[in-house]
Amino acid sequence: MARIIKSCLQSALKCVNLIMAMVGIAMILYGFWMVRIWQRDMGGSSFDDFNSTAPWFIYTFLGTGITLCLLTCLGHIAADTANGFCLFCYMVIISVLLLVETGIAADVLLNSEWQKDLPEDPTGRFHDFKEFVESNIDIFKWIGFVIFLGQGLSVLSAMALRACGPNQCSNYDSDEEFNQARLPLINNHPQQPAYVIVDPPFANKNEAWNMNK
């Protein structure tokens with residue numbers, strides 16, 4: 001029964017971990033697309049025509065996508081091996097990521113001038129992305145909810161899997177068979193012979209003949 005529960009927890013962790021993998025791959029692809037558009041815009045112009053600020057939005061997008069993909073790999077390794085240290089590291093990283101996401105979401109919702117806290121984007125991709133999100137705000141709300149839910153379930157699954165302990169392989173079907181296999185090592189006493197030494201029957205006949213005589 002314990003093996004079945006552990007197998008279910010491992011499968012659940014891998015499934016919810018795929019959510020971050022899909023988000024990370026989508027961010028990497030979109031980041032490469034933004035790099036391609038920016039390079040095309042820079043084709044007939046020099047860097048002096050743009051602001052000296054680095055394209056931080058593109059770098060942040062790519063970096064976040066790569067981080068999510070690496071975190072997905074760590075989650076799959078932790079789920080497959082059920083190693084306590086890997087699961088602990090995975091839970092800590094996911095928890096920190098949740099705190100960062102919560103802080104960013106709270107700043108965007110509560111601070112009406114949150115855009116002033118960010119440096120200027122010379123590529124203009126940040127402005128385009130913000131307008132795209134605002135025009136599809138309902139869809140992005142559901143996407144954000146699914147991401148938060150997947151990360152929360154990942155932490156809970158990792159905690160439950162870590163509580164079950166690491167994988168232990170045993171060659172014995174039951175504890176009784178295990179105890180029987182170890183019994184000769186515990187009770188190492190010499191065995192009694194399986195035969196009994198008795199007097200030959202001819203001796204009894206001779207004694208009886210002597211007595212009658």
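# Close-up views of a predicted helical protein

Of the 213 residues of the protein, 25% count as buried (buried means under 20% relative accessible area, exposed over 50%, and partly exposed in between, with a 1.4 Å probe and protein chains only). This is a predicted model, in which local features need pLDDT of at least 70 and side-chain atom pairs count only at pLDDT 80 or more, while totals for chains, interfaces and linings use all residues. Residues are numbered from 1 along each chain as its sequence is written, and side-chain values use heavy atoms, with hydrogens and water left out.

**View 1. The whole chain shows 7 helices and 0 strands.** From the N terminus on, the elements run α-α-α-α-α-α-α. Helices (H or I, at least four residues) and strands (E, at least two) are DSSP runs, numbered from the N terminus. Among contacts between residues at least 6 apart in sequence, 83% join residues at least 24 apart; here a contact means heavy atoms within 4.5 Å. The protein exposes about 15,600 Å², and carbon and sulfur atoms supply 64% of that area. Accessible areas come from the Shrake-Rupley method with a 1.4 Å probe, and for residues only the protein chains shown count as cover.

**View 2. Two of the spans listed by UniProt can be followed from end to end.** In an unreviewed entry, UniProt lists residues 12–36, 56–78, 85–106 and 139–161 under "transmembrane region". These positions are given in the numbering used here, feature names are shortened, and annotations may be inferred rather than shown by experiment. In the model, residues 12–36 are 100% helix and 0% strand, with their end C-alpha atoms 37 Å apart. Residues 139–161 are also 100% helix and 0% strand, and their end C-alpha atoms lie 33 Å apart.

**View 3. Aspartate 80 and lysine 14 join in a salt bridge.** The structure holds 2 salt bridges, each a side-chain nitrogen of Lys or Arg within 4 Å of a carboxyl oxygen of Asp or Glu. In the pair shown here, N and O are 3.5 Å apart. This pair links distant parts of the chain, with aspartate 80 in helix H2 and lysine 14 in helix H1, 66 residues apart. Aspartate 80 counts as partly exposed because its relative accessibility is 49%. Lysine 14 is partly exposed too, at 28%.

**View 4. Helix H4 has buried residues and a salt bridge of its own.** Which residues of H4 (residues 125–135) are buried? They are Arg125, Phe126, Lys130 and Val133. These residues cover an arc of only 135° around the axis, so they sit on the same side of H4; the arc is that of the directions from the helix axis to the C-beta atoms. The buried residues of H4 pack against helix H1 (2–41), helix H2 (56–81) and H5. Lysine 130 has a relative accessible area of 14%, so it counts as buried. Lysine 130 also forms a salt bridge with glutamate 134, the closest N and O atoms being 3.6 Å apart. Both residues lie in H4, 4 residues apart, about one turn of the helix.

**View 5. Helix H5 carries a buried serine and part of a surface patch.** Serine 157 is found in H5 (residues 137–164). Is serine 157 buried or exposed? Serine 157 counts as buried because its relative accessibility is 11%. Not counting residues up to four places away in sequence, serine 157 touches Ala12 and Leu13. Phenylalanine 145, also found in H5, is partly exposed, with a relative accessible area of 48%. Phe145 is one of the residues in a nonpolar surface patch of about 730 Å², together with Trp142, Val146, Leu149, Leu153, Leu156 and Met159. Patches are made of residues with over 30% relative accessible area and no salt bridge; like charges are joined within 9 Å, and nonpolar side chains (Val, Leu, Ile, Met, Phe, Trp, Tyr) within 5 Å.

**View 6. Threonine 72 is a buried residue of helix H2.** The relative accessible area of threonine 72 is 6%, so it counts as buried. Leaving aside neighbours within four places in sequence, threonine 72 is in contact with Asn17, Met20 and Ala21. The C-alpha atoms of threonine 72 and tyrosine 90 are separated by 9.3 Å, and the two residues are 18 residues apart along the chain.

**View 7. Alanine 82 lies in the loop between H2 and helix H3 (84–110).** Alanine 82 has a positive phi of about 55°, although it is not a glycine. With a relative accessible area of 2%, alanine 82 is buried.
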